[in-house]
Amino acid sequence: MLFLLIRLYYRLKKMQQRIRTFIGIPLPGLEGLVEWQDELKQKLNGEKVKWNEKHLWHLTLKFIGDLEPQKVQSLCFALGNEFSGSSQGQLIVKGAGIFGQIRNPKVVWAGIEDSSWLQNIWHQTQAGVIASLDMERDGKPFRPHLTIGRVKYLKNTKALFDEVKAVKENRWGIVQVRYVVLYKSRLTTNGPIYSEIERFPLGYGV
C-alpha cells in the first residue's frame, strides 16, 4: 500500500487540473459481441450512432466526475482498503437492450448478469467513495451493463429494436475479474479517451 501511495503521489503531482474520474471493470475478449456490433454498424450505416470501441468497453461501478488531484489520492487509498479483502469473480455478459423509448432510443447495451459477488463489489465501491470524498450514497438502482453505442439520431428505429430482440438470449462470454480500475476520462471531439489512474487487485481467487 505504501508503494502504491508513493507512486500515485508523483503521478498526480504532474496533474494540476481537476481530473474527470469513474470506477469500473474492463471487459476485454468478447469477440462475439464485437462481431454483433460490426453487424449493427453495417445495418445502421448512415445513421447517427456513436459506437464505443472495444478497447473502451467496461462496466461502470461509479461515475464520480471532476476531482482535484489530492482527492484522487484519498480515493485511491480508500478503494485500496475496501478491495484488499475482496475475492476475484466472474462477469457473465449476456443479451442486449436499449435505454430509451422505441421512437427515441438513447443507448444500446449488452447485459451483465447480476450476482451477490457483483453486488458486494458495487457496495464496496460506494463505501470507498463515501469514506474518502464525503459524498452521499447513490440512490439510483444498480443496472450492470456494457454500453455498445449511443444514439444521436435514428431514422430506422425498428431495425435496431429487431436486432436487439434477436440476440436477447445470446451469451457473449465470461470475464474473469481480478481487479477494479479507477479511470481518468478525457472528453474530445472524437469521443472519450480513458486511461487508468490506478488498479486495485482483488484479494484472492475463486
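**Figure 1. Crossing of helices α2 and α5 in the predicted model.** Helix α2 covers residues 31-43 and helix α5 covers residues 157-166. Their axes come within 11 Å of each other and cross at roughly 160°. Angles over 145 degrees count as roughly antiparallel, so α2 is roughly antiparallel to α5. The crossing in which α2 passes α5 is right-handed. Two packed helices are described by the angle between their axes and the distance between the axes.

**Figure 2. Residues at the contact of α2 with α5.** From α2, the residues shown are W36, L40 and K43. They meet L160, E163 and V164 of α5. Sorted by class, this contact has 4 nonpolar and 2 charged residues, and no polar ones.

**Figure 3. Surroundings of S185 in strand β8.** Strand β8 spans residues 179-188, and S185 lies within this stretch. The relative accessible area of S185 is 8%; the cut-off for buried is under 20%, and S185 therefore counts as buried. Leaving aside residues up to four places away in sequence, S185 touches R20, F22, P192, I193 and Y194.

**Figure 4. Surroundings of R199 in strand β9.** Strand β9 runs over residues 191-201 and includes R199. Is R199 buried, exposed or partly exposed? With a relative accessibility of 38%, R199 falls between the limits of 20% and 50% and so counts as partly exposed. When residues up to four places away in sequence are not counted, R199 touches Y179, V180 and V181. R178 is 21 residues from R199 in sequence, and the C-alpha atoms of R178 and R199 are 9.7 Å apart in space.

**Figure 5. The protein chain as context for the close-up views.** The chain contains 5 helices and 9 strands. Read from the N terminus, the order of these elements is α-β-α-β-β-α-β-β-α-β-α-β-β-β. The chain has 206 residues, and 47% of them count as buried. Among contacts with a separation of 6 or more, 79% are between residues 24 or more positions apart. The accessible surface of the chain comes to about 11,700 Å², and carbon and sulfur atoms account for 49% of this area.

Notes: Residues are numbered from 1 along each chain as its sequence is written. This is a predicted model: local features need pLDDT of at least 70, side-chain atom pairs count only at pLDDT 80 or more; totals for chains, interfaces and linings use all residues. Side-chain values use heavy atoms; hydrogens and water are left out. Axes are lines fitted to C-alpha atoms, for helices over the stretch in contact, and angles run from 0 to 180 degrees between N-to-C directions. Helices (H or I, at least four residues) and strands (E, at least two) are DSSP runs, numbered from the N terminus. Angles under 35 degrees count as roughly parallel, over 145 as roughly antiparallel, 65 to 115 as roughly perpendicular and the rest as oblique. A crossing is left-handed if the near helix is turned anticlockwise from the far one by less than a right angle, and right-handed if clockwise. Contact means heavy atoms within 4.5 Å. Ala, Val, Leu, Ile, Met, Phe, Trp, Tyr, Cys and Pro count as nonpolar, Asp, Glu, Lys and Arg as charged, and the others, Gly among them, as polar. Buried means under 20% relative accessible area, exposed over 50%, partly exposed in between (1.4 Å probe, protein chains only). Accessible areas come from the Shrake-Rupley method with a 1.4 Å probe; for residues, only the protein chains shown count as cover.
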